[in-house]
Amino acid sequence: MQKYEKQFEITSDECNEYGKLRLRSLFNLFQAMADNHAHLLGVGYQYCIQNGLGWIGGGYAVEINKLPTWGDTVLLKTWPAKTTAVTAIREFEMTSVQTGEVLVRASSQWVLIDTIKKRPVSVIKHLQGFELITERAVDTSFPKLPELDRADIEFSQIIRTDDIDLNHHVNNAVYPTWILDALPENYLSNNRIVKLQIQYKNPAQKGDNIVVQTQMKDNDNTLHIISNLEKSTEFARVVVDWKKR
């Protein structure tokens with residue numbers, strides 16, 4: 001098996017107010033690459049629909065050296081690196097076409113579920129005969145992320161229709177944007193993300209009242225719990241490492 005790769009030119013609508021690739025756009029690129037490669041391998045969306053299956057994001061570990069700027073051309077590579085009984089691990093690496101510099105590395109964890117029973121099924125059974133590239137972009141075992149000791153900030157978020165994907169729940173790429181919305185503007189203007197770990201717990205849907213509880217562990221690290229407090233349902237945990245701009 002070879003790594004699946006594709007070039008992208010960063011467009012203005014994909015960029016934030018600093019002219020850098022939006023976090024949501026980055027995750028959308030990851031997801032598009034994963035979808036395309038899974039399709040080429042014969043285990044994509046159509047295969048899943050026909051077999052009553054679905055891929056659900058379990059988590060991400062992302063290391064950001066530098067986000068590309070509007071007009072930059074990047075090369076994004078992805079490959080399956082590992083499987084367990086019910087999960088598949090997929091890696092990503094983004095480099096600058098102009099300089100060859102590695103911009104972003106990421107590892108993602110995916111769970112294959114029976115869409116009727118809403119239960120995980122054997123990944124190995126459905127990926128029999130597939131070669132893996134054991135190289136890791138980020139060396140992580142996706143450990144359980146910590147609980148909050150306290151909530152320094154609480155931010156309520158309304159789920160928009162545009163946040164809902166083909167699986168009828170909030171798309172994986174949306175969750176990181178809620179973290180940005182929850183933090184003070186002066187903090188965001190003075191700091192940038194260098195590492196992000198996200199653990200998906202339950203899918204959020206239309207009608208859920210989202211609350212992002214944030215613990216400012218120090219100037220370089222924040223911990224976030226995304227949940228519906230009324231239903232006592234936790235959707236995701238996120239740990240972010242920051243660096244001064």
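User: Happy to look at this with you! How many bridges join E4 to strand E5?

Analyst: This is a predicted model, and in it E4 and E5 run antiparallel. One pair in this ladder is Ala88 with its partner Trp110 in E5. The two strands form a hairpin with five residues between them, and Gly100 in that turn has a positive phi of about 80°. The number of bridges joining E4 to E5 (residues 102-114) is nine.

User: And on the E3 side, which residue of E4 is the bridge partner of Pro80?

Analyst: Strand E3 (residues 73-83) and E4 run antiparallel, joined by nine bridges. They form a hairpin with three residues between them. Within E4, the partner of Pro80 is Arg90.

User: How many residues of strand E4 are buried?

Analyst: Thr87, Ile89, Glu91, Glu93 and Thr95 point one way, while Ala88, Arg90, Phe92, Met94 and Ser96 point the other way, and all are buried. E4 (residues 87-96) is therefore largely enclosed by the rest of the structure, its buried count being ten of the ten.

User: Is Tyr60 buried or exposed?

Analyst: Tyr60 sits in strand E2 (residues 53-64). Beyond its sequence neighbours within four places, Tyr60 contacts residues including Phe27, Phe92, Trp110 and Tyr200. The cut-off for buried is under 20% relative accessible area. Tyr60 has 3%, so the word for Tyr60 is buried.

User: Which helix gives the most to the largest nonpolar core?

Analyst: That core has 48 residues, and those with the most contacts inside it are Leu26, Val62, Tyr175 and Ile226. With seven residues, the helix giving the most to this core is H1 (residues 23-40).

Note on methods:
Residues are numbered from 1 along each chain as its sequence is written. This is a predicted model: local features need pLDDT of at least 70, side-chain atom pairs count only at pLDDT 80 or more; totals for chains, interfaces and linings use all residues. Side-chain values use heavy atoms; hydrogens and water are left out. Helices (H or I, at least four residues) and strands (E, at least two) are DSSP runs, numbered from the N terminus. Buried means under 20% relative accessible area, exposed over 50%, partly exposed in between (1.4 Å probe, protein chains only). Contact means heavy atoms within 4.5 Å. A nonpolar core is a set of buried Ala, Val, Leu, Ile, Met, Phe, Trp, Tyr and Cys residues joined through side-chain atoms within 4.5 Å. Two strands pair if DSSP finds at least two bridges between them.
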